[in-house]
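Student: Could we go through the salt bridges here and see what backs up each label?

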Amino acid sequence: MTSASSPPELAAPLPAFAQVETGRGRRRTRRGSFLCHAVIATELRAGRTAISRLRADTPLSPRPTIASGEEPFVRGGDAARIRMSASAAGPVGGDTYLLDIHVGAGSTLVLRDVGATLLLPGPHGELSRWVTRLRIDDGATCLWIPEPVIAARGCRHEHVIEAELAAGARLLFREELVLGRHREEPGSLSARLSVRRDGAPTVSQQIDLGPDAAGSRSPSVLGGHRAVGNVVVVDPEGAPGPAAATPDTGSAVMRQDPCTVQISALAADAPALRHRLDLGMDLLGPPWSAAAPRGWSAVPR
């Protein structure tokens, strides 16, 4: 556990699959794998963003940090910055990770990872899950730029992101999914992304990849590509960039509603995917992109 600087809020009920065994001191799911629950919350205090709640079960470990490089998308420079790390590999088959994020009214959260998430098979061939529930209040901004999620050979994983935005909330989310490590056959990955603004759906998609997803390697889906990614930007002042564009043959910029734009891309590997997503972000204009020549990356090194 990290720290809690204010009284905890009433915890939301866990999904049925994440219920723990009763009568045990350790947080384990019914089949002996771990259930990890992490909470991140920010609020506005005296006009500045503060971390109001920060806790996690092992192996998840969210840590406050400072600005790293240029952040053109942080308006005014005031933000809480947190990096997610883990003290063990995984999630492994059978594990369930649950991450709750609440960005309070008027505050700004920049959330990044220390390293990529490597999905590994468990000893019993069971499904692993990572569910993230994100809530952004009016006037708040969440910039969530995780490192790639890599589906290693033999894994079976469900990756769920559910974002609920108030009408005046702002979001930048970047997602990179990679099938297998270098020259490795991939595992199976099911990724579901749901973004709702003021109660209405703006982005809802599910991608099933790997051996368990029939047809996912067909030319009409991934073909020979091993990486797929998205950038979603929601801005109550209006969706940035063009209504539609194709920066190259492997990416597309699509306006989903007057306040939401989505960039989707396919690539042979993670570096090529990152380059294509960066090209799409270049079309969004300030503050979501930097003027050329690019002096920063959305995922700095």
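Tutor: Sure, we'll take a few pairs and check them against the definitions. This is a predicted model, with local features needing pLDDT of at least 70, side-chain atom pairs counting only at pLDDT 80 or more, and totals for chains, interfaces and linings using all residues. Residues are numbered from 1 along each chain as its sequence is written, and side-chain values use heavy atoms, with hydrogens and water left out.

Student: Why is the contact between Arg196 and Glu164 called a salt bridge?

Tutor: A salt bridge needs a side-chain nitrogen of Lys or Arg within 4 Å of a carboxyl oxygen of Asp or Glu. For Arg196 and Glu164 the N to O distance is 3.4 Å, so the pair counts as one. The two sit 32 residues apart, Arg196 in strand β13 and Glu164 in strand β11; strands are DSSP runs of E, at least two residues, and helices are runs of H or I, at least four.

Student: What makes Glu237 exposed but Arg170 buried?

Tutor: Buried means under 20% relative accessible area, exposed over 50%, and partly exposed in between (1.4 Å probe, protein chains only). Glu237 has 64%, so it's exposed; Arg170 has 11%, so it's buried.

Student: How do you know that Asp278 and Arg174 form a salt bridge?

Tutor: Their N to O distance is 2.9 Å, so the cut-off is met. Asp278 is in helix α1 and Arg174 in strand β12, 104 residues apart. At 9%, Asp278 is buried, and Arg174 is buried too, at 1%. Both belong to a salt-bridge network with Glu147, Glu176 and Arg274.
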